[in-house]
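User: Please take a close look at one helix in this model and describe how it is built and covered. Then set it against the nonpolar core and surface of the rest of the chain.

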Amino acid sequence: MLIIQPRPVNEADYSGRWYFLLIVMLVAMTGLIGRAVYLQVLDRQFLKRQGDLRHVGILPVPAHRGRIFDRNGELLAISTPVKSIWVNPKEFREAQIPADKRKALAVLLGLSSGALEKHIGSDEHRSFAYLKRRISPELADQVIALGIAGVYSEREYRRYYPTGEVAAHLVGFTNIDDKGQEAMELAYDDWLKGVEGAKRIIRDGKRRVIEDLESIRPPVPGKDLALSIDQRLQYLAYRELKKAVLQHQARSGSLALLDTQTGEVLAIVNQPSYNPNSRTQVKGSASRNRAITDIYEPGSTMKPFVVALGLELGLYRPDTVIDTAPGTMRVGHNIVKDIHNYGVLDVAHVLQKSSNVGVTKIALNLPSKKFWAFYNNLGFGQPLETGFPGEANGRLSDYQGWSPFEQATLSFGYGVSASTLQLARAYLSLANDGVMPMVSLVKRNKSPELHRIMSVQTAGGVRAMLEQVVTREGTALKAAIPGFRVAGKTGTVKKSGVGGYSSSRYLSVFAGMAPVSKPRLVMVVMIDEPSAGEYYGGAVAAPVFSRVMEGALRLLNIAPDQGDIMPILAAQQDEPA
């Protein structure tokens with residue numbers, strides 16, 4: 001049996017190894033301390049350079065702006081990914097970029113050599129400047145492919161409007177930072193804009209992101225918005241209005257098409273228009289939604305409301321006789337005139353012939369306070385409450401200051417001002433059996449607020465009279481639509497200016513509805529200063545109404561009239577006054 005005895009510990013060897021390790025550790029520590037002293041005292045620039053090359057920052061994460069649709073889900077506005085080109089001026093200057101590359105960069109970005117140098121600047125401490133924002137990713141890739149030191153790209157969003165100028169006045173546009181500037185883009189900016197996110201990143205000395213550390217806050221996309229318009233009807237209305245403005249060499253024009261039951265605006269167009277995708281040459285007047293923001297005196301399109309109040313108060317019936325001879329009437333120191341001497345007319349024919357004398361005699365028999373209240377309830381002088389930026393309230397003076405002549409002029413549409421959309425809203429009451437819904441530019445998901453303006457019988461009676469306007473004996477034959485019955489009223493308005501009303505500048509207006517037996521649509525057309533010869537509302541505005549209304553009725557599959565409305569008129573004629 002082999003027994004191994006343990007080796008005795010040699011204390012001298014143990015102590016030697018311990019001292020050796022201690023010496024090694026001391027040498028290492030001395031080296032580290034020496035290195036630290038060298039870097040922090042003798043070569044401090046090294047750490048500064050490393051700090052400059054690596055630093056933590058917060059990078060904003062752009063949020064996607066909400067889309068805008070028409071009532072059927074067709075796109076009207078969308079944000080698309082784009083890129084922006086920026087430069088680190090300090091790095092760009094230090095790299096001494098050759099002249100040919102500078103020129104290639106300027107050409108790609110559409111900048112002059114002077115503009116490029118201005119962007120880069122002369123501040124030696126500046127490390128960031130935009131060269132071109134929101135360009136296509138393809139163009140940005142071409143710029144980066146030049147390989148120019150200090151030139152970089154970053155992702156952003158750009159607003160795009162598929163319908164261009166057709167819906168520009170309603171949709172509006174955003175600025176370079178994607179903030180709403182006009183129309184619904186501005187009105188619903190808080191709804192559409194998202195909430196910017198943020199993430200913590202590490203950049204190098206060239207401001208390039210070299211590492212994502214963490215997400216601090218995810219971006220929240222904006223909410224989508226569905227407008228009330230139907231893109232098909234919008235195109236139709238825009239095409240016909242533009243054609244009419246050009247044909248009659250007019251200054252401008254506007255058109256509003258409404259759903260009688262919901263008050264939703266199905267189309268609203270203006271001329272001149274603009275392209276929101278390219279606004280470099282856009283004038284301020286071209287971007288104005290005239291149908292909502294501009295007011296004018298509606299002229300004879302107001303006469304149906306005077307007749308309606310006379311019927312509502314029981315002072316007149318459709319067959320009440322009014323003598324308009326000799327075609328003129330003195331009111332105070334002023335004269336009211338008709339185009340012709342129509343002689344004796346009943347109330348229905350006062351509207352059919354658009355007699356100023358006849359409607360003046362009706363108006364002067366109406367109590368001023370009730371006259372004012374009726375106009376006021378129709379929305380004249382009142383806000384539309386659509387939320388559209390800059391919408392006009394119109395003008396309706398207080399009845400306590402009316403003279404007899406002022407009350408007379410109010411009956412045929414002077415002394416009161418309204419926008420195209422306000423006038424269309426008032427006609428809803430005639431089309432919707434005396435009930436007027438509030439108008440909306442946004443698609444409704446519930447029944448609208450309703451206001452009773454007049455009785456069902458009064459509204460039906462006035463519609464019957466207005467149907468006679470769209471006949472050979474009336475003033476608006478050109479508003480007729482084959483297969484449908486139409487009711488409406490023309491207006492030929494002298495424009496006011498310095499020194500009074502002009503004898504050569506007019507507004508041509510038509511307001512109407514269809515189908516008469518159960519109106520589904522109301523439309524107002526206004527052409528400002530037609531100068532090609534014709535200027536009467538029946539000759540200029542009525543044909544636009546006919547073409548747009550006919551197309552709208554067919555696109556919406558609205559059936560032609562059933563039955564006859566004339567018994568309504570006959571029933572009112574049998575009632576006692």
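Analyst: Helix 17, residues 420-431, has twelve residues and reaches 16 Å from its first C-alpha to its last, close to the 16 Å expected at 1.5 Å a residue. The model is predicted. Helix 17 is mostly covered, with twelve of its twelve residues buried. The buried residues of helix 17 include Leu421, Leu423, Ala424, Ala426, Tyr427, Leu428, Leu430 and Ala431. Thr420, Gln422, Arg425 and Ser429 of helix 17 are buried too. Just after helix 17, aspartate 433 takes a positive phi of about 55°.

As for the core, the largest nonpolar one has 124 residues, and Leu255, Leu257, Phe305, Tyr375 and Phe380 touch the most other members. Helix 19, residues 537-555, supplies the largest share of this core, nine residues. Apart from this core lies another, of 17 residues, with Ala106, Leu109, Leu111 and Leu131 among them. Within the largest core, Leu257 is one of the residues that touch the most other members. Neighbours within four places in sequence aside, leucine 257 is in contact with Leu233, Glu264, Val265, Leu266, Ala267, Leu521, Val522, Met523, Met549 and Ala552.

On the surface, Tyr19, Leu22, Ile23, Leu26, Val27, Met29 and Ile33 make a nonpolar patch of about 720 Å². One of these residues, isoleucine 23, lies in helix 1, residues 11-42. Isoleucine 23 counts as exposed because its relative accessibility is 51%, and the cut-off for exposed is over 50%.

Definitions and conventions. Residues are numbered from 1 along each chain as its sequence is written. This is a predicted model: local features need pLDDT of at least 70, side-chain atom pairs count only at pLDDT 80 or more; totals for chains, interfaces and linings use all residues. Side-chain values use heavy atoms; hydrogens and water are left out. A nonpolar core is a set of buried Ala, Val, Leu, Ile, Met, Phe, Trp, Tyr and Cys residues joined through side-chain atoms within 4.5 Å. Buried means under 20% relative accessible area, exposed over 50%, partly exposed in between (1.4 Å probe, protein chains only). Helices (H or I, at least four residues) and strands (E, at least two) are DSSP runs, numbered from the N terminus. Contact means heavy atoms within 4.5 Å. Patches are made of residues with over 30% relative accessible area and no salt bridge: like charges are joined within 9 Å, nonpolar side chains (Val, Leu, Ile, Met, Phe, Trp, Tyr) within 5 Å. Accessible areas come from the Shrake-Rupley method with a 1.4 Å probe; for residues, only the protein chains shown count as cover. A salt bridge is a side-chain nitrogen of Lys or Arg within 4 Å of a carboxyl oxygen of Asp or Glu. The expected span of a helix is 1.5 Å times one less than its number of residues.
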